[in-house]
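Here are some friendly notes to read alongside the model. Please keep the 3D view open as you go through the points.

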Amino acid sequence: MAEVVRGRNLLYLSKADVIGLGLSRQTILDRVLQALVEHGHKRYEMPAKIGVHPYQDVFFHAMPAYLPSMQLVGMKWIECYPRNPTEFELPQTTGLLCLNDVETGVPVCLMDSAWLTAMRTPAVTVLMAKHLHPGARRFGMFGAGVQGREHVLFAAHYLEGLEEILVYDRLPEVAHRMVEEIQPGVDIPIRVRGSVEQVVKECEVLSSATIVLREPLSIAKDEWVSAGQTILPCDLNTFWAPEISRRADAYIVDSTEEHDLFVEMGYYPGGSPRITAETGEVLAGLAPGRTCSDQLVVNSNIGMAVVDIAVASAIHEAALAAGVGALLDL
Ligand SMILES: NC(=O)c1ccc[n+]([C@@H]2O[C@H](COP(=O)([O-])OP(=O)(O)OC[C@H]3O[C@@H](n4cnc5c(N)ncnc54)[C@H](O)[C@@H]3O)[C@@H](O)[C@H]2O)c1
């Protein structure tokens with residue numbers, strides 16, 4: 001590869017380049033934790049996502065962040081088109097991430113951000129699942145798409161003591177295909193269930209990555225949820241009946257500002273639950289998560305740019321070390 005020269009060129013990493021680097025789940029978890037702890041200590045700059053909305057239920061988000069202690073600055077430009085898979089055979093979520101040099105501001109790396117989004121989101125979920133619910137035996141996942149698959153793999157990797165993973169997708173064939181593909185590499189059984197109620201009732205820890213809509217679908221009912229459970233949605237208020245979050249003993253979000261922005265945009269039509277802490281504060285030991293075993297805890301993580309740039313920096317470093325990517329002149 002030609003020489004990387006600050007201010008003269010940048011490194012472009014395609015989706016295949018990023019995946020081919022093969023960063024381990026542990027590397028992702030380490031970077032994500034580092035970024036979340038920085039966020040918990042308020043050592044960051046990260047305005048709430050600004051967005052544009054060409055269609056109803058579609059969003060583009062600009063996600064800039066600066067992490068002084070890690071000397072990282074950059075921005076993810078991401079879109080979510082829920083109808084892409086059915087109408088265009090394209091992913092719901094695509095995007096690009098740009099890392100800049102903190103000292104001079106010049107762009108140093110541009111990368112496809114689909115893989116890092118698929119990896120950093122479940123990393124946040126399982127870091128919190130372990131913190132809030134150590135020793136859980138059953139993990140339930142709603143949605144067996146890009147996020148669902150990685151959630152299951154991260155849960156199997158990181159949640160010690162897990163005995164079984166249950167999966168539900170509104171398209172059972174999608175869930176079965178996912179299990180067939182990933183079960184050979186996972187020691188604990190992954191089972192598909194045909195009913196949401198069953199999964200909610202059988203698992204102590206639950207996550208969902210289905211679809212983000214302004215109006216809640218309320219598919220998982222309040223009466224199925226019991227004391228002591230931990231629920232970690234990645235799809236805002238869509239999948240779970242809103243009463244669950246409102247009556248939870250703890251309602252933790254990754255970013256209060258981001259959460260409030262979604263509330264303002266109409267994603268919580270019945271009103272916002274009362275936020276008790278932020279994810280980073282809990283992981284940094286600055287705020288309590290669960291304080292007793294029979295509490296119902298909801299932790300909604302909608303995704304933060306500080307986490308994106310932290311993972312992107314690991315990808316960038318690995319690419320430079322391996323000589324992967326294409327140089328584009330500025
Ligand atoms: N929180 C975050 O940081 C973050 C990051 C990326 C994506 N997301 C969100 O996660 C969700 C999933 O993203 P993805 O990339 O995995 O999408 P995907 O299209 O690959 O997968 C979604 C899966 O959910 C299933 N599904 C849809 N509606 C369902 C329902 N009502 N009940 C059960 N299953 C249902 C679909 O059949 C599909 O298999 C999206 O809403 C996306 O916006 C959140």
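1. A residue counts as buried when its relative accessible area is under 20%, exposed when over 50%, and partly exposed in between (1.4 Å probe, protein chains only). By that rule, 17 of the 19 residues of α4 are buried, so the helix is mostly covered. Helices here are DSSP runs (H or I, at least four residues), numbered from the N terminus.

2. A word on the source: this is a predicted model, where local features need pLDDT of at least 70, side-chain atom pairs count only at pLDDT 80 or more, and totals for chains, interfaces and linings use all residues. Residues are numbered from 1 along each chain as its sequence is written, and side-chain values use heavy atoms, with hydrogens and water left out.

3. Why does the span of α4 agree with its 19 residues? At 1.5 Å a residue they should span 27 Å (1.5 Å times one less than the number of residues), and the end C-alpha atoms are 28 Å apart.

4. Now look at the ligand. It has 26 residues around it (a heavy atom within 4 Å), and Q92, R120, Q147, D169 and N301 come nearest. They divide into 14 nonpolar, nine polar (Gly among them) and three charged (Asp, Glu, Lys or Arg).

5. Which element gives the largest share of this shell? That is α4, with three residues.

6. Finally, check the oxygen atoms of the ligand. A polar side-chain atom of R120 lies 2.7 Å from one, and a backbone N or O atom of V146 lies 2.9 Å from one.

Methods
Polar contact = N/O pair within 3.5 Å; in protein donor to acceptor, adjacent residues only side chain to side chain. Helix = DSSP H or I, 4+ residues; strand = E, 2+ residues; numbered from the N terminus.
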